[in-house]
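Here are a few exercises to help you find your way around. Keep the viewer open and try each task before reading its solution.

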Protein chains: 2
Amino acid sequence: MAKVSAREEISPAEGGSINDVARRAGVSIATVSRVINGVTRKASPATVARVREAIEALDYRPTSAGRALRQKTSRLVAVLAANLANPAMAAISASAEAALREQGLVMVLCDTHDRPALQDEYLREMLAQQARAIVLLAAVDSPMLRKVQTLKTPLIFVSRRNPTGPEGAFIGIDNRGAGEDVARWAIERGLRNAALIHAPSFSSATRDRVAGVLAGFAAAGSPLLRSMVLAPEAGDHLMIGFEAARRLLASGARPDLVVCTSDLIAFGAARAWREAAVAAPPRMIGFDDSPMNRWLAPELSSIRIPYEAFGDAIVEAISGASENVRTILPHELVERGFTPEPNPPR
Amino acid sequence: MAKVSAREEISPAEGGSINDVARRAGVSIATVSRVINGVTRKASPATVARVREAIEALDYRPTSAGRALRQKTSRLVAVLAANLANPAMAAISASAEAALREQGLVMVLCDTHDRPALQDEYLREMLAQQARAIVLLAAVDSPMLRKVQTLKTPLIFVSRRNPTGPEGAFIGIDNRGAGEDVARWAIERGLRNAALIHAPSFSSATRDRVAGVLAGFAAAGSPLLRSMVLAPEAGDHLMIGFEAARRLLASGARPDLVVCTSDLIAFGAARAWREAAVAAPPRMIGFDDSPMNRWLAPELSSIRIPYEAFGDAIVEAISGASENVRTILPHELVERGFTPEPNPPR
DNA sequence: GTTCAGTGGGAAAACGTTTTCCCAATCGGG
DNA sequence: CCCGATTGGGAAAACGTTTTCCCACTGAAC
């Protein structure tokens, strides 16, 4: 006791622990803790007021380490994103962050670069941090991912379904339906000579989008030619699009529409056509509708995913720990390139 | 003791604490801790091996809360970014993350949306998290920022200097010099009828860039007309650029070059010109050279900041707690728009 | 045969919370 | 007037680390 009060003399406005608050309010630390955590049944209004005043005066905030140690869980929510350079993922992260903050949770954002080893590294670290939940924004299969599922930490798959099995909470759009929408839209516009470029990955999102597009064109009686479907191994999505487009150009194919399973792929492909200076470049359509498309890619139509809605869905999935909630958010085909929009939205 | 060993029976492969490791290796927890932290002087090679084996077998990783509590500091490094939708900031974050991870540190990324209240909220939270350091990626003035400087948590200012005073470690480019470079480049190209668009903020970066550009043109005998310098209050950078360009167009001004103090502003401005469908739109040059410029903005020249280098500089600034390290990284004028690049770099 | 220095390692305190008991006082009903 | 329930609040344990002492042992020098 004497020791503690001596410490107080030394640190006048420094860190400040729950002890300082208790002493100032003339109560025990138990009472302070209860007030902080809103346990009203155990404190008289007068006491609550005194404690609040002391907290205010000392600008006190509970140290998270103490909490985490006792409660065996922290206020951190890990978001492991496959590629933060993708503006769409960045937008989802932003939405998640806002929603989490509103819950008093703190987002830790990590970039796995779509690499299993890095994803494992972060999974380990976030387990050590006793993260409240782990959100996988486009997960990849990895050993640690399998192990984590046997633990109790909530796991939430966003955009891509669980690559290790059918279980797991999921948030995303109906990728197959979106693919079919693209085909339907193309047929309506009379664009029947289409090419399709996708990443050579086995993510559920890519797979479903490809399947939807192919099925849609086939159902309309205009199945895509095999030679018009490309998935080169060329690095990131930008390079994939660029390389695929170059091959198409070299092959002499002249599609009237190029469907890309992500906007980044479309950016890369567009660049190839621009360089080739073809007289009448094909229409293009991508997926995600990255927020900057409206500014930078005025020729690119896209399936818009509702970024803003992901944050709330993630929060819901975390609290509603009820297993395996599947949230399918509505997508929307945004058409650009026929006539320029008169004014920028927003 | 009996209680503890009973618990072990229950949790065969669950969380696992240092106790489990110690028991398995037949040593005390003190020894385990020493091995983990590389204190070699206090353990025989044989013991070290046994402990390592046990750690491996149990897949043990120290809980960060215990550590943080004892050491009064965590392995978290907070990065408070003003706007993650800006690809340049996202790129800097990515670089920081990689460099920090290599040091065994974990980056917590937060988006302050350039709002003082939000920045304060995060500063508070990160203090409660006992963050090892706080990196301010484009800081804004705020009450808490002033208070944090009186504490011992290292504070590192990136891109923008400390808005509250002259002190503080800084990492960035020579913005004024870059502005002068832009003017020199313009004069060389014969572009003397320039407009300048900048954000109406008082950030050091914007201020220095503007000053450099103005000084450069003035020194060349072609000072910018007052009516050609715009800084409308219009929201984010995209809207600022769009609105400023609209005003220029409305005023009948026909600059041969538009200088923007950020690429985002340039994107917005470019869109206005595209909509207006002017026959010969002006050349444009921005700052930052966002990573996707080469793909999406082939007409935009830019002052490239070396994103990749920021991570290491940040790590260095954290460890070299020697006060007020100022790191000025080299910039580079990237010219685009005369002739398309034959091949995409990278 | 004693000391001395060094080596290897353990016991326990401390970090800041939350939470489980426990206790004292008050109050209402019989 | 006594008894039981309720209310308000405190003491202390527990959480998982790191780190400071402290101790036992081993050789080596005397």
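**Exercise 1: a serine in a loop**

The side chain of B:Ser74 reaches the backbone oxygen of B:Gln129 at 3.3 Å. Keep in mind that this is a predicted model. Your task: find where B:Ser74 sits, and decide whether B:Ser74 is buried or exposed.

*Solution.*
- Step 1: look at the loop between H5 and strand S1 (76–81) of chain B, and there you'll find B:Ser74.
- Step 2: check the relative accessible area of B:Ser74, which is 10%. Buried means under 20%, so B:Ser74 counts as buried.
- Step 3: see what is around the residue. Leaving aside neighbours within four places in sequence, B:Ser74 is in contact with B:Ala68, B:Gln129, B:Gln130, B:Ala131 and B:Arg132. B:Gln129, whose backbone oxygen the serine side chain reaches, is on that list.

**Exercise 2: the buried side of a helix**

Which residues of helix H3 (residues 29–36) of chain A are buried, and what covers them?

*Solution.*
- Step 1: go along H3 of chain A and pick out the buried residues: A:Thr31, A:Val32 and A:Val35.
- Step 2: look down the axis. These residues cover an arc of only 100° around it, so they lie on the same side of H3(A).
- Step 3: recall a bit of helix geometry. An α-helix has 3.6 residues a turn, so residues three or four places apart point the same way.
- Step 4: look for the cover. It includes helix H2 (18–25) and helix H4 (45–58) of chain A.
- Step 5: move past the end of the helix. H3(A) is followed by A:Gly38, whose phi is positive, near 70°.

**Exercise 3: where the chains meet**

Describe the contact between chain B and chain A: how many residues does each chain bring, and how many salt bridges cross the interface?

*Solution.*
- Step 1: count the residues. Chain B brings 56 and chain A brings 55.
- Step 2: turn to area. The two chains bury about 5300 Å² between them, with 55% of it on carbon and sulfur atoms. On the chain B side, B:Arg61, B:Arg271 and B:Trp295 lose the most area to chain A, together 14% of what that side buries.
- Step 3: look for charged pairs. Eight salt bridges cross the interface, and in one salt bridge the side chains of B:Arg124 and A:Asp59 meet at 2.9 Å, N to O.
- Step 4: add the polar contacts, which come to 20 residue pairs between the chains, both residues at pLDDT 80 or more.
- Step 5: sort the chain B side by class. You get 29 nonpolar, eight polar and 19 charged residues.

Technical notes: Residues are numbered from 1 along each chain as its sequence is written. Chains are lettered from A and ligands numbered from 1 in the order in which they are written. Side-chain values use heavy atoms; hydrogens and water are left out. Buried means under 20% relative accessible area, exposed over 50%, partly exposed in between (1.4 Å probe, protein chains only). Helices (H or I, at least four residues) and strands (E, at least two) are DSSP runs, numbered from the N terminus. The arc is that of the directions from the helix axis to the C-beta atoms. Contact means heavy atoms within 4.5 Å. Buried area is the accessible area (1.4 Å probe) that two parts lose on being put together, summed over both. A salt bridge is a side-chain nitrogen of Lys or Arg within 4 Å of a carboxyl oxygen of Asp or Glu. A polar contact is a pair of N or O atoms within 3.5 Å; within protein, one must be able to donate a hydrogen and the other to accept it, and residues adjacent in sequence count only if both atoms are side-chain atoms. Ala, Val, Leu, Ile, Met, Phe, Trp, Tyr, Cys and Pro count as nonpolar, Asp, Glu, Lys and Arg as charged, and the others, Gly among them, as polar.
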